Amino acid sequence: MRRIARLLAVLMIAVSVRAMPAWGQYRAEQFTSANGLPQNTVSGIAQTPDGYLWFATYDGLVRYDGVTFTILDRANTPPMAQTQFLTLTVDGAGTLWAGTTSGLLRYRRSAFDWVPPRKGDVLRVHPADPYVQPAFVPPAFPHWRYRADSVEYTGSGAQAAYYVPMPADTFAHAAFEDREGRLWLPQDSGRLYVLTPDSAHLYTTRDGLPDEGLRMAGETGNGVFWAWSESDVCRLAGTRWVALDSTVLPRTPRTRGLAPRRLRDIRAALVDRDGTLWVGTNANGMFRITPRLITTYGTADGLLDPSAYVVLADRTGTIWIGTSLGLTRVAHGRFTSDAFLRAGDGSYRLVPATPAAHPTAAQATGVRSMLEDREGRVWVGLTDALVAFRGGHIVREIRTGHGYNDAILEARDGALWVGTPRLVMRLHGDSIRTFGRADGLPPFPTQVLYQDREGTIWIGTRRGLARWDGRRFTTFTERDGLAGNNVRSIVDDPEGALWIGTFDNGISRYRDGKFASITSAGGLFANAAFVMLLDRDDNFWMSSNRGIYRVGRRQLDDFMDGRLASVSSVSYGIPDGMRSTEANGGRQPAGAIGPDGRIWFPTQDGVVAVDPAAEWHDPKPALVAFSDVIVDGKPVPIGPAVGLSPDQTELEFNYTAPSSFHADNIQFRYRLLGGGGDTAWIAAGTRRRVHYSHLRPASYRFEVMAANSDGVWGTQPAGIDVTVDPRFYQTSWFLALVAFALVGGAASAYSLRVRGLKRQERRLTKLVAERTADLRTANERLAQLAIEDPLTGLANRRRYDEFLEHEWRRSLRARAPLAVMVLDVDHFKGYNDAYGHQAGDECLRRVAAAVQGVVRRGTDLAARYGGEEFAVVLTATAPANVAAVAEAIRAAVEALGIPHRASGAAPHVTVSIGTAVMVPTDQTTADDLVREADRALYRAKEGGRNRVA
C-alpha cells in the first residue's frame, strides 16, 4: 500500500458545509429532575442500535424513547453495583457500557451485568481504557482505521495515510465519520482534523474552536456539524465555528453580586440517529437543541394587538396582520401599525399606532378580512366597508352596509366578491349584485370565498358549502357527504381536487363529483381546519383551537381512496414556540405562505411564523421495541417468546418506537397470529399498549409495526411468540381417554345390567339431573369468571370493552353524554419494588374497593383496565358531575392512607385520573372517547400526579 504521510497542519483545504442561519434559528428544551431525570447532572449520552437514548446521571441510568423517561437504578436493576455513572458509550457490537468509579455496567441482548475492575488494575471508567480492552469493541468506521501513530483510509479506489499524534484509546471513542465518509478527529488542545481520501483540513482556535477538551457531537439532519467542550457547544457555519450563546442555553446566575455567566461545565453531547443534538450538563440537567421551527410575534415585537385574526402575504413579501385594533405590517423585519378611525362624514382614515399608544377598541375599527388585488392594492374588510390602500394611503372606499365583511375574493374577471353575515355581494366596476337565500345560498354567515382552477366560485358558510357556476348556486351539506356544515377553509390542489376544512368535523375532499372525508378517528390531530395551506413539499398545514398541524396530501389521498388505514399528523403547540395553541379562524385569510416559504397563522396570543425548511423530515422508518411484557399484572423478562400457564389469563404488551423526532406522532398497528387471532393488521394510532384476556390454549405470534411522523412504515414487524398452555382436561390425550372410558363403561354397563334396565334408568335419570345442575352451576361460575377480574373482583377488560361499546351505541341513539375515566396508581412499579408483589396485589384490591365504593349506580361500570390501571364508564352524566365523581374516587383512594415511600407524588398511595365526556355522533367512535381520556391522564401525570384532568 502506498503510504502518504503528511502533517495535517500544512494542508488547509476547506470542507464544504451547508451554511445555516444565526443562533436565533435554534431552540433548546431543558430536562431536569422536575420532568423526568433522577438527578440533574448528565455525564454521558449514548444511543443503542434499537434507537433508545441513554443518559448517565449521578443517580442511575435513564432510558428515553422520545416520550417516556425510564429510570434504572439498583431497585429495578439488580446487577447495578452503584448508581453514580460517569461515562457512557456504545461499542461496535452494539453493547452499552456505563462507567462508574468501581466498575462498568454492561447492557447487551436486553440484559445487564456488572464488570468489576481486575485486581491490581488502576481503576478506569471508560470502556476503551486498557483494563477492559479485551471486552470492548470500538465503533467500526467503514473506511478508516488506526494503526500505531497514523490514520489510514482503505476505501475502494483510493488509499491514504495521515500522521496523527493521538493515543489509540482516544481514537476509539473520539473519532467521527460523517455521511460523506470524512473522518473528524478532535484533539484536547483545540485542534480538529478533517480527513478525506485525498485531502486534509485542520481547524484551530483561530477558527472559533474551544481551546481545550474538544469532542465531536456529530452531524444533524440538516447537514450541520457540532463540536463541544466543557465550556461551549459550537457549530460549523461556513468556515468558522460559532459558539452557542445564551439565547439558546440559559445563563447560570452567579451569587454575591457577580454578573451571570455563560452555562459552563458541559459533560456530554451527542447527535442521535434522528439528527437531534443533546447536551448534558453538570447540575443543569439536559438540553435538546433543535432548529427553531416556530417563531411567535407579539406586542413586544411591534404587533398592534396580541389577538390576531387574519394574515395576508403580498407579492412583495410584506406580511399584513389584522387585529381588533387595526393593521400591522411586517417588512424587512420591521413592524409598523395603523388604526382605522371613522371620520365625521362616515369615511375611514388611517392613524399611525403602536402597541403602547393606540386608539381603544371603541375608537378603532377591527380588521375582518384582507386581499391583495391584481393591481397590488391591499383591500381590508371592516365592519361595514371595504377600503383599499397603497403606499400607506387609502385609495378607494366602498360602503357595503350589510354588516361584517369576513371574506373577500377577487375573481379572474376582476369582480370583488364579499361575504357578509346575511348575503354575498359581487362588485364589478360600478355595479353591485347581491346573492342570498332566495338564490340558493345557505342562510348563515359566509366565512370563506374561493375560486378554483376551473374558475368556479365556492362559498363556505356555517351551514354548508355553495358552488356558483356563473348561472346558479348548488349547495352541499352533510347529507351530500360533506364532513361538516361549518366550513372554515377551501383550497384546491394541483390535481384539481377541492379540499374543505370544517370547524369541528374534519376535512373533506371533493373530486369527480364525490366527497370523501377524514376526522381524528383517521389520524387527524384535530377535527378543525381553520385554514388549509399547501407547502412546497406537498404538505397541508392547518390550524385549530388545539394548535397547528400538518399532514402529507398523498397520505390524505391514500386514506380517502382506501389505501391507508390512518394518516400521520405532526402537531405543534406551546413546546414548539407557540404562546397559545388557540388559532383564529372564521375570517379570511386565516393563514398565509410568504415568498420565503414561511407559513403564518393568527392566534389568540400573537401571530405565529412556521419555517418548514427548518424541520428535517425523517426518512427512516421507526424501529419498534418492546418496553414491557406483563402477565397477570406482573412484568416478565422480554425475550423472543413468552409462555402462559393455564392459571394465567391476562397478557399485556407495551411497545414503543424510540425517536426524538415527533415521537408523539408515531403511529402503530398490531396483529395476533395463530389460535384464531387477528390475521389482519389493527390500527392502534399512537397507543402503545395492547391487552389480551383469556386467550384459549394455542401458539400465537404477536406482531407490531410503526410509522414515523412522516408516515413511513417499517418493512419488518417486531414480534414475540406466545404459548398458552392448556389445562389437563383441555389436552387431546385427556379427551381421548374420556372418550375411551365412556365407550368402555357403556358397554360394560349394558352387558352387566341389562336385566335391571329400569332400575338403572332411574339411577341414570337422577344422575343426569344432578350432573345437569352441577354443570349449570359451573357454567354460571365460568361466565362470571369470564367477565370478572380475579384479583380485584371488578369487571375485567373484556367486560369493559363490551359494556363501553354497548353504552356508546345506546348513547348515540339517545344523543346522551357518555363519560370514561382512566385511573392509574401513581408510581406503582416503585410500590411493587419497595413492598413486594403480594403487597402490590393487596394494594390493588383496596384501590378497587375504593373505586367501587364511589361508582354505585347500576348503569355505570368500574373495571380493571390492566396492571395498575382502572377504568370507569359513566352513562348519562353531565361533565361537572363526572369531574365530581373522579375527585371523589381520588379522595377515596387517598383516604386509604396506604404508605408508599417510593412515590414522588405523596407519602401514601394516590391515583391520577383522566376524564373525557362526549355525546356520540356518527363521525366519532368509542375509541375517540378513550383516546381523550388517555390524553387527560397524561396531563394529570405531567401536572404532578394525584390529580384529576
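Q: Over how many bridges do strand 62 and strand 65 pair in this predicted model?
A: In this predicted model, strand 62 covers residues 818-825, and one position along its pairing with strand 65 can be followed at Leu-823, which stands opposite Ile-913. The two strands run in the antiparallel sense, and their pairing extends over 8 bridges.

Q: In what order do the 4 strands of the open sheet lie?
A: The pairing within this open sheet is antiparallel. Its edges are strand 63 (861-866) and strand 65 (911-918), each of which pairs on one side only, and the twist from one strand to the next averages 20 degrees. Read across the sheet, the order of the strands is 63-64-62-65.

Q: At about what angle to strand 64 does helix 7 run?
A: Helix 7, made of residues 837-854, lies across strand 62, strand 63, strand 64 and strand 65. Helix 9 (residues 926-942) also packs on the sheet and touches these strands, its direction making about 145 degrees with that of strand 65. For helix 7 and strand 64 (869-875), the angle is about 10 degrees.

Q: How far apart are the axes of helix 5 and helix 9?
A: The contact is made by Tyr-800, Leu-804, Glu-805 and Trp-808 from helix 5, together with Ala-926, Leu-929 and Val-930 from helix 9. Sorted by class, these are 6 nonpolar, no polar and 1 charged residues. Helix 5 (residues 797-814) packs against helix 9 at an angle of about 115 degrees, with the axes separated by 10 Å.

Q: Is Phe-828 buried or exposed?
A: Phe-828 has its place in helix 6, which spans residues 828-835, and, leaving aside residues up to four places away in sequence, Phe-828 touches Gly-840, Cys-843, Leu-844, Glu-868 and His-900. Its C-alpha atom is separated by 9.7 Å from that of Glu-869, although the two residues are 41 apart along the chain. Because its relative accessibility is 5%, Phe-828 counts as buried.

Q: Why is strand 57 described as largely enclosed by the rest of the structure?
A: Strand 57 pairs in the antiparallel sense with strand 60 (residues 698-707) over 7 bridges, where the partner of Leu-673 is Arg-701. It also pairs in the antiparallel sense with strand 58 (residues 682-685) over 3 bridges, where the partner of Tyr-670 is Ile-682. Strand 57, at residues 667-673, is described as largely enclosed because the buried residues number 5 of the 7.

Q: Which residues form one aromatic cluster with Tyr-670?
A: A search of the whole structure for aromatic pairs finds 45 of them. Tyr-670, whose bridge partner in strand 58 is Ile-682, belongs to one aromatic cluster, and the residues joined with it there are Phe-626, Phe-653, Tyr-655, Phe-668, Tyr-692 and Phe-702.

Q: Over the face of which residue does Arg-797 lie?
A: An arginine placed over a ring is found at Arg-488, which lies over the face of Phe-530 at 4.9 Å from the ring centre. For Arg-797, the distance from the ring centre is 4.2 Å, and the residue whose face it lies over is Tyr-865.

Q: Which residue in the turn between strand 19 and strand 20 has a positive phi?
A: Strand 19 (residues 233-237) and strand 20 (residues 240-243) pair in the antiparallel sense over 4 bridges, and Ala-237 stands opposite Arg-240 in strand 20. The two strands form a hairpin with 2 residues between them, and the turn residue whose phi is positive, at about 70 degrees, is Gly-238.

Notes
Residues are numbered from 1 along each chain as its sequence is written. This is a predicted model: local features need pLDDT of at least 70, side-chain atom pairs count only at pLDDT 80 or more; totals for chains, interfaces and linings use all residues. Side-chain values use heavy atoms; hydrogens and water are left out. Two strands pair if DSSP finds at least two bridges between them. Axes are lines fitted to C-alpha atoms, for helices over the stretch in contact, and angles run from 0 to 180 degrees between N-to-C directions. Contact means heavy atoms within 4.5 Å. Buried means under 20% relative accessible area, exposed over 50%, partly exposed in between (1.4 Å probe, protein chains only). Ala, Val, Leu, Ile, Met, Phe, Trp, Tyr, Cys and Pro count as nonpolar, Asp, Glu, Lys and Arg as charged, and the others, Gly among them, as polar. Rings of Phe, Tyr and Trp (its six-membered ring) pair if their centres lie within 6.5 Å; planes under 30 degrees apart count as stacked, over 60 as edge-to-face and the rest as tilted. A charge sits over a ring if NZ of Lys or CZ of Arg is within 6 Å of the ring centre and within 35 degrees of the ring normal.
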